[in-house]
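Me: Please take a close look at the salt bridges in this structure, setting them first against the chain as a whole. I would like to know which side chains pair, where they sit and how exposed they are.

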Amino acid sequence: MPTDFSENSWNAISYALSFFKNVYTNFYFLHVEASEWEEEEENLHTIQVKAKSSAKAFQTLLGRLGEEKLNKKHQFFTSLEQGHFVETIRQHVSERDIDFIVMGTQGASGYKKATVGSHSTEVITRVKCPVLVIPEHATYREPKNITFPTDFNISYKNKVIHTLKQVCHFNDSALRVLYLSKKSEELTERQESNKSYLKEQLLEIEHSFHYTRNNTLEEAVESFVSSNETQVITMMAKNLNFFQHILFHPVAKKISYHKEVPFLVLHE
C-alpha cells in the first residue's frame with residue numbers, strides 16, 4: 001500500500017482493512033520520498049528532514065491503526081524509500097512476493113482531468129500486480145457483487161482466473177460478467193470460445209453473464225453498476241484500449257461510478 005499520509009490515502013487503507021478482513025494479510029505501507037519528476041538533486045539536510053517527517057507520519061499512521069478494531073489476521077509493516085515511484089513499487093512487489101497493490105486516487109489531480117491520478121495510472125500500466133484503486137469518495141460496502149466488464153476479445157489466462165476467484169472467495173462475492181458493445185452484433189467465433197472458457201472456469205463461484213449495449217462504454221457501465229448493486233468493478237490491464245474509456249477518461253457528466261466504486265485491475 002503506497003501512502004502519502006493524506007486523508008485520501010487513509011481512506012484506501014481503511015477500505016483495504018475491511019476488504020481483506022477475512023484473510024490473513026500482511027500489509028506493507030510504503031512511502032516513496034523522491035519523485036521521478038524532480039529535476040535537481042536535493043541536499044543531504046533536506047533529505048534527512050523529509051525522512052524524519054515521514055518516520056513521524058508513519059508513527060501517526062500506526063497509532064491510528066491501533067485505534068481501529070484490531071484484526072488478529074492482519075500484520076502491519078512500514079517502509080520509507082527514496083527513489084523512482086514506480087520502480088520502487090515494482091521492487092517491493094518482487095522482493096516481498098506481493099499479491100495486491102491498494103492505492104487511493106484523487107481523480108483529476110494532475111492527470112488532464114483523468115479519473116485516475118498519474119501515480120495510480122503509472123502503477124496500473126507498468127507494474128504487473130493486481131491493483132485495487134480506491135476513489136477518494138469510496139466508502140466500504142461489503143462486495144456482494146463484483147462486475148467484470150469485458151468484450152470477450154482476449155483470452156483469459158490462468159493467473160487472471162485465479163485472482164478473480166480468489167477475490168470472490170474473500171467476501172463470498174458474486175461475479176457479474178458484463179459484455180459491453182456499442183452496436184448489436186453476434187459474437188465472433190473467438191469471442192464465443194473465450195466466453196465458454198470463462199464460463200467453465202467460474203463454475204465454483206457464484207456468477208452470471210449479462211449484456212448491455214450503449215453508445216459509450218462508460219454509460220453502459222454506469223447503467224449496469226447503478227441497477228445491479230455493484231460494489232467493485234474489475235478489469236484486465238491487457239485490454240487497455242477498451243479499459244481506458246471506462247477507467248481513465250469517462251467524459252459524460254452523469255458518470256459517477258469512478259468517484260465511488262473501487263476498481264480492481266488484473267494482470268496476467
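Reply: In this predicted model, the chain is built from nine helices and nine strands. Of its 268 residues, 49% are buried, and the accessible surface comes to about 14,100 Å², with carbon and sulfur atoms contributing 46% of that area. Among contacts with a separation of 6 or more, 82% are between residues 24 or more positions apart.

Against that background, a search of the whole structure gives seven salt bridges. Side chains of opposite charge can pair when their charged atoms come close.

One of these pairs is formed by Arg-64 and Glu-7, whose closest N and O atoms lie 2.9 Å apart. This pair links distant parts of the chain, since Arg-64 belongs to helix H2, which spans residues 44–67, while Glu-7 belongs to helix H1, which spans residues 7–19, and the two are 57 residues apart. The partners fall into two accessibility classes: Arg-64, with a relative accessibility of 29%, counts as partly exposed, whereas Glu-7 has a relative accessible area of 53% and is therefore exposed, the cut-off for that class being over 50%.

A second pair joins the side chains of Glu-87 and Arg-126, with an N to O distance of 3.9 Å; the salt-bridge criterion is a distance within 4 Å, so this pair is counted. Here too distant parts of the chain are linked, with Glu-87 in helix H3 (residues 85–95) and Arg-126 in helix H4 (residues 118–126), 39 residues apart. Glu-87 is partly exposed, at a relative accessible area of 37%, and Arg-126 is likewise partly exposed, at 33%. Both residues also take part in a wider arrangement, a network of salt bridges that links Glu-87, Arg-90, Glu-122 and Arg-126.

A further salt bridge connects Glu-142 with Lys-144, and its closest N and O atoms are 3.6 Å apart. Glu-142 counts as partly exposed, with a relative accessibility of 40%, and Lys-144 is partly exposed as well, with a relative accessible area of 40%.

To draw the placements together, the pair of Arg-64 and Glu-7 connects helix H2 with helix H1, and the pair of Glu-87 and Arg-126 connects helix H3 with helix H4.

How values were computed: Residues are numbered from 1 along each chain as its sequence is written. This is a predicted model: local features need pLDDT of at least 70, side-chain atom pairs count only at pLDDT 80 or more; totals for chains, interfaces and linings use all residues. Side-chain values use heavy atoms; hydrogens and water are left out. Helices (H or I, at least four residues) and strands (E, at least two) are DSSP runs, numbered from the N terminus. Buried means under 20% relative accessible area, exposed over 50%, partly exposed in between (1.4 Å probe, protein chains only). Contact means heavy atoms within 4.5 Å. Accessible areas come from the Shrake-Rupley method with a 1.4 Å probe; for residues, only the protein chains shown count as cover.
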